[in-house]
Amino acid sequence: MRGISAGPPSPPPGRARANTWSFSKVEDTRICVVMVGLPARGKSYIAQRAQRYLQWLSIPAQTFNVGNYRRHDAPQPTADFFDISNKEGERKRRAAAEAAIADMLAWFRTGGVVGILDATNSTKERRKWVLDTCTEHGVEVLFVESKCDDEDLIMANIRDVKLTSPDYQGQDPEEAAVDFRNRIKMYENIYKTIDGDGDEDEYTYLKMMDVGKQVIINRIQDYLQSRVVYYLMNLHIRPRSVWLSRHGESQYNLDGRIGGDTLLSPRGEQYARKLPALVRESVGDDRPLTVWTSTLKRTIATSRFLPQHYNQLQWKALDELDSGVCDGLTYQEIKDRYPDDFAARDEDKYNYRYRGGESYRDVVIRLEPIIMELERSEDILIVTHQAVLRCIYAYFMKKDQAKSPWMNVPLHTLIKLTPKAYGTEEVRYEANIPAVSTWRGKGSTAKHENPAPDAI
């Protein structure tokens, strides 16, 4: 049996497990993660990544960006709006923060677990107000401060923000950069770092200096806080991309069979030879790249023509979803031999576990170390399998878990993902080498089937 089975014991055949998050022992915990720091220090990037990570693990998480609330009254303000002497601006900013916290507290009452308050929270007074408000409602507070004096990184973040922030949509990029610089100066006049030796010593906080060069942790209280902190410690905000590719078309793909450890088809071999050109087109010649594959023959064969100066690593955790007793079968054979299992998996494909094998939820659990390593790494190319890529793609693109097992991840396509402050940018490179479709719709036993329009 390939793969790693993880999580609770298997349910009786034909039944799906309940879609509940894995940390039931702390399910009554409610945490507000309060971002702290000057603009262009990666706060929104960190907040978005933390939310996606927690949701990916089935932990209800939501980001409340105070800037989005402020835009109702001030959609595209100039830097003067953020001047401490601008009383009307201060009133609107305070009202936005109050609205964000009110919505977050209402969300907690509906079952929310980790709320992320994305704002500068640059003064001690503002942080104390947030702490007191949350504590009054029984919500734990974890402050996360991103400090950075690296001018190159700050400028990279400014370039990102001026191109992606709603505050500067439709504006001249250079004028936007100047205004954003002036906004930073306004905040620098009042910004106070979290004081670990003074009246904020009792706070629970994580301080990250210069992209993780130094990390300070103070008074982390419980399991879930530790999970959030561990993830954030592995997160860096340096610009980078991740490239994803399935293996080339395999012999089992041609036969409509799942799993196995078969070799590439002739067209899969063509893709393996074409992949270096696709990577070169997207990555360039000089950019260093690390290649990760599974331990199965078809991914190793697909990556074997890549440049020799690329460091290649094989990960057992990247092996395809283990289909247990169904390994090597077609979907028609599965339906004939295990009709209850076939129906149950269609009913809840994310949670259903093959007999003696895995579910998509199990794959997510074993991929968590991969995600941690991805977040601490620079540029990575991953050559792996359909189910595994669905899980990784869902993490980066914030896809719904129930829908992620039904996504179309085509063969012979290189996908470039570039995380940004306000989302993840995606570019696809087609090899233009024909391949069968391995996507399957609910209830279908077709050997090969064209994906539905909403399957991407």
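In the predicted model, the side chains of Arg-246 and Gln-386 are joined by a polar contact of 3.3 Å. Arg-246 belongs to strand S7, which covers residues 242-246. With a relative accessible area of 4%, Arg-246 is buried, since the cut-off for that class is under 20%. Apart from neighbours within four places in sequence, the residues in contact with Arg-246 are Asn-253, Tyr-271, Thr-302, Val-383, Thr-384, His-385, Gln-386, Leu-389, Val-409, Pro-410, Leu-411 and Thr-438. Gln-386, the partner in the polar contact, is thus listed among these residues.

Arg-246 is also one of the residues that UniProt lists, in an unreviewed entry, under "binding site"; the others are His-247, Gly-248, Glu-249, Ser-250, Gln-251, Tyr-252, Asn-253 and Arg-298. These residues span 53 residues in sequence, but no two of their C-alpha atoms lie more than 14.2 Å apart, so they gather at one spot. Among them, Arg-246, His-247, Ser-250, Tyr-252, Asn-253 and Arg-298 are included in the lining of the largest cavity.

Ser-250, another residue of the UniProt "binding site" list, is placed in the loop between S7 and helix H8 (251-255). Ser-250 is buried, its relative accessible area being 1%. When neighbours within four places in sequence are set aside, Ser-250 is in contact with Thr-262, Leu-263, Leu-264, Ser-265 and Arg-298. Arg-298 is itself named in the "binding site" record, as is Asn-253, a contact of Arg-246.

How values were computed: Residues numbered from 1 in each chain as written. Predicted model: local features only at pLDDT ≥ 70, side-chain atom pairs only at ≥ 80, totals over all residues. Heavy atoms only, no water. UniProt positions renumbered as here; feature names shortened; annotations may be inferred. 1 Å grid on protein atoms, 1.4 Å probe; cavity = no way out; pocket = protein on both sides within 12 Å on 5 of 7 lines; lining within 4 Å. Helix = DSSP H or I, 4+ residues; strand = E, 2+ residues; numbered from the N terminus. Buried < 20%, exposed > 50% of the residue type's maximum accessible area, 1.4 Å probe, protein only. Contact = heavy atoms within 4.5 Å. Polar contact = N/O pair within 3.5 Å; in protein donor to acceptor, adjacent residues only side chain to side chain.
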